[in-house]
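Colleague: Before I look at this model at the bench, I would like to learn how to read its features one by one. Could you take me through them, giving the general idea and then the case here?

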Amino acid sequence: GQTVMVIGNVLTEFPFSVSKGIISGIGRNLTASDKYGVAENLEGMIQTDAAINHGNSGGPLINLKSEVVGINTAIHLGGEALGFSIPINRAIQALNIFKTKGKIIRTFLGVRYQMLNKSYAETNKISYYHGAYILVENDKGEPGVIPGMPAEKAGIKSKDIILDINGKKLDINYTLIT
């Protein structure tokens, strides 16, 4: 419910545009894709109803104390005024890596997945209540395993379940990108 503003270049035509809204949710997980079909799971995002449009991406999400609380990143095309921002603490972590390494280092597995819980597992007749379930190709043609990426090279396939990493059980609190 915190009031926020976004600043950006709306539709890349209208520079220095500002819109206002509220934080509608935190800790949101979604799969974002670009026009080339490259998809990425985004976790722990801030959801806002402040208008994030094409061109605002990368701009700040600012609270009423003039503090940057997020970096505008994605919109949901199926919903009006449904935008998502990376929490600023994660952006600061990336910046600190850049300062020490000279580049941002992020792992990229190349899968779309759903973290399992009891409800999702029972609904989809999956025998595990934890882990990362690798999705199948959706109706938009987005594959569960992106061709040529590390997951495919490692033999991961749609409907596989990754149960743990280095002996640590995967669940909604410890995901593939945690």
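Modeller: Let us begin with pairing: two strands pair if DSSP finds at least two bridges between them, and strands (E, at least two residues) and helices (H or I, at least four residues) are DSSP runs, numbered from the N terminus. The model is a predicted one, in which local features need pLDDT of at least 70 and side-chain atom pairs count only at pLDDT 80 or more, whereas totals for chains, interfaces and linings use all residues. Residues are numbered from 1 along each chain as its sequence is written, and side-chain values use heavy atoms, with hydrogens and water left out.

Colleague: Which residue of β8 does Tyr113 stand opposite?

Modeller: Strands of a sheet pair through backbone hydrogen bonds, either parallel or antiparallel. Here Tyr113 stands opposite Ile134 in β8, and β7 and β8 (residues 132-134) pair in the antiparallel sense over three bridges. They belong to an open sheet of three strands, in the order β7-β8-β9, with antiparallel pairing; its edge strands are β7 (113-115) and β9 (161-162), each of which pairs on one side only.

Colleague: With which strands does β1 pair, and over how many bridges?

Modeller: Strand β1 (residues 3-10) pairs with β2 in the antiparallel sense over seven bridges, and in that pairing Ile7 stands opposite Val18. Three bridges also join β1 to β4 (residues 60-63), again antiparallel, with Asn63 in β4 as the bridge partner of Val4.

Colleague: Is Asn63 buried or exposed, and what does its side chain reach?

Modeller: A residue is called buried under 20% relative accessible area, exposed over 50%, and partly exposed in between (1.4 Å probe, protein chains only). Asn63 counts as buried because its relative accessibility is 3%. A polar contact is a pair of N or O atoms within 3.5 Å, where within protein one must be able to donate a hydrogen and the other to accept it, and residues adjacent in sequence count only if both atoms are side-chain atoms. The side chain of Asn63 makes such a contact with the side chain of Glu67, at 2.8 Å. Contact in the broader sense means heavy atoms within 4.5 Å, and, leaving aside neighbours within four places in sequence, Asn63 is in contact with Gln2, Thr3, Val4, Met5 and Val69.

Colleague: How does Ser19 read in those terms?

Modeller: Ser19 lies in strand β2 (residues 14-33) and is buried, because its relative accessible area is 19%. Its side chain reaches the backbone oxygen of Ala51 at 3.1 Å, and, not counting residues up to four places away in sequence, Ser19 touches Val4, Met5, Val6, Ala50 and Ala51.

Colleague: What should I look for in the loop between α2 and β8?

Modeller: Asn124 is in that loop, which follows α2 (118-123), and is partly exposed because its relative accessibility is 39%. A polar atom of its side chain lies 2.9 Å from the backbone oxygen of Tyr120. Lys125 is in the loop as well, and it is exposed, at 77% relative accessibility.

Colleague: What is the sign of phi at Lys125 and at Lys159?

Modeller: Most residues other than glycine have a negative phi, and most peptide bonds are trans. Lys125, although not a glycine, has a positive phi of about 55°, and Lys159, also not a glycine, has a positive phi of about 75°. Lys159 is placed in the loop between α3 (150-153) and β9, and counts as exposed because its relative accessibility is 55%.
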